[in-house]
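Here's a quick walk through this fold, going strand by strand and then out to the helices. Have the viewer open and follow along.

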Amino acid sequence: MERVSDDAMRSKTGHSWGEWFELLDADEAVSMDHKEIVAHIGRNHPGVPEWWRQTVTTGYEEARGLREKHQKPDGFEISRSKTIGVTVNRLFEAWSDLDMREQWLPDHEVVVRRATRDKSMRLTWSDGYTHVDANFYPRGDERAQVAIQHRKLADTDAAEDAKMFWSCRLAELKKHLEG
């Protein structure tokens with residue numbers, strides 16, 4: 001994760017990163033799993049909001065080698081986004097229409113698990129295991145953004161491969177839609 005600044009951390013939680021690491025080390029948090037650390041922070045620092053407890057925990061896990069970059073409890077996750085010069089409706093259609101999707105995302109059969117028109121799609125990837133979430137945002141009259149998250153990736157190599165893959169595919173989608 002991209003670590004928030006010490007000033008922001010102190011402002012929102014009452015402690016800097018270094019102070020959190022010392023506190024958690026003293027409480028032997030290195031032997032706890034993610035949920036246990038979050039709960040521990042909640043019990044011992046009840047004024048820290050949930051999002052910040054998660055942030056502290058993830059930062060601690062990364063700093064102590066308990067978690068790798070992009071790692072989540074169910075695997076690794078990456079994100080990519082692209083703003084394209086079309087309406088959000090047209091962008092959503094490029095994902096939802098099988099023929100259109102084949103133009104920019106060939107050779108990948110996906111299962112659409114859920115879709116909300118012009119808002120989001122939840123896909124099971126062609127490997128049958130990993131998931132892709134696509135969210136669509138209007139960015140003016142003739143511009144829209146797609147933000148994707150590819151989840152449940154096996155390891156850091158798979159995460160790096162997925163980042164490169166989606167960067168290329170979203171560039172191809174932009175090229176296809178903008179002409």
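Let's start in the middle of a hairpin: Phe-136 has Val-146 in S6 as its bridge partner. Keep in mind that this is a predicted model. Ala-134 is bridged to S6 too, this time through Ile-148. Taken as a whole, strand S5 (residues 131-138) and strand S6 (residues 144-153) pair in the antiparallel sense, with 8 bridges between them. The hairpin they form leaves 5 residues between the strands, and Gly-140 in the turn has a positive phi of about 120°.

On to S4, which is joined to S5 by 5 bridges, again antiparallel. Arg-122 finds its bridge partner in S5 at Asp-133. This hairpin has 6 residues between its strands, and here Gly-128 takes a positive phi near 80°.

Here are the two hairpins next to each other:

| Hairpin | Residues between the strands | Glycine with positive phi |
|---|---|---|
| S4 and S5 | 6 residues | Gly-128, near 80° |
| S5 and S6 | 5 residues | Gly-140, about 120° |

Zooming out, these strands belong to an open sheet of 6 strands with antiparallel pairing, in the order S1-S2-S6-S5-S4-S3. Its edges are strand S1 (71-72) and strand S3 (111-116), each of which pairs on one side only. How much of S5 is buried? The strand is mostly covered, with 6 of its 8 residues buried.

Two helices lie across this sheet. Helix H5 (residues 88-96) lies across strand S2 (75-84), S3, strand S4 (120-124), S5 and S6, and runs at about 160° to S5. Helix H7 (residues 156-178) lies across S2, S5 and S6, at about 20° to S2.

One residue of H7 deserves a stop: Lys-163. Is Lys-163 buried or exposed? Its relative accessible area is 15%, so Lys-163 counts as buried, the cut-off being under 20%. Beyond its neighbours within four places in sequence, Lys-163 is in contact with His-70, Ile-78 and Arg-80.

Back in the loop between S4 and S5 you'll find Ser-126. With a relative accessible area of 36%, Ser-126 is partly exposed. Setting aside neighbours within four places in sequence, Ser-126 is in contact with His-108, Glu-109 and Val-110. With His-108 there is also a polar contact, side chain to side chain, at 3.2 Å. As for Trp-104, it is 22 residues from Ser-126 in sequence and 15 Å away in space, C-alpha to C-alpha.

Now for the helices at the N-terminal end. The axes of helix H1 (residues 6-13) and H2 come within 8 Å and cross at roughly 60°. That angle makes H1 oblique to H2. The residues of this contact split into 3 nonpolar, 2 polar and 3 charged. On the H1 side they are Asp-6, Met-9, Arg-10 and Thr-13, meeting Trp-17, Gly-18, Glu-19 and Trp-20 in H2.

Last comes helix H3 (residues 34-44), whose buried residues are His-34, Ile-37, Val-38, His-40, Ile-41 and Gly-42. An α-helix has 3.6 residues a turn, so residues three or four places apart point the same way. What covers the buried residues of H3? The cover includes helix H2 (17-26) and helix H4 (50-63). At the start of H3, a side-chain oxygen of Asp-33 reaches to within 3.2 Å of the backbone nitrogen of Lys-35.

How values were computed: Residues numbered from 1 in each chain as written. Predicted model: local features only at pLDDT ≥ 70, side-chain atom pairs only at ≥ 80, totals over all residues. Heavy atoms only, no water. Buried < 20%, exposed > 50% of the residue type's maximum accessible area, 1.4 Å probe, protein only. Helix = DSSP H or I, 4+ residues; strand = E, 2+ residues; numbered from the N terminus. Contact = heavy atoms within 4.5 Å. Polar contact = N/O pair within 3.5 Å; in protein donor to acceptor, adjacent residues only side chain to side chain. Pairing = 2+ DSSP bridges. Axes fitted to C-alpha atoms, helices over the stretch in contact; angles between N-to-C directions. Parallel < 35°, antiparallel > 145°, perpendicular 65-115°, else oblique. Nonpolar A, V, L, I, M, F, W, Y, C, P; charged D, E, K, R; others polar.
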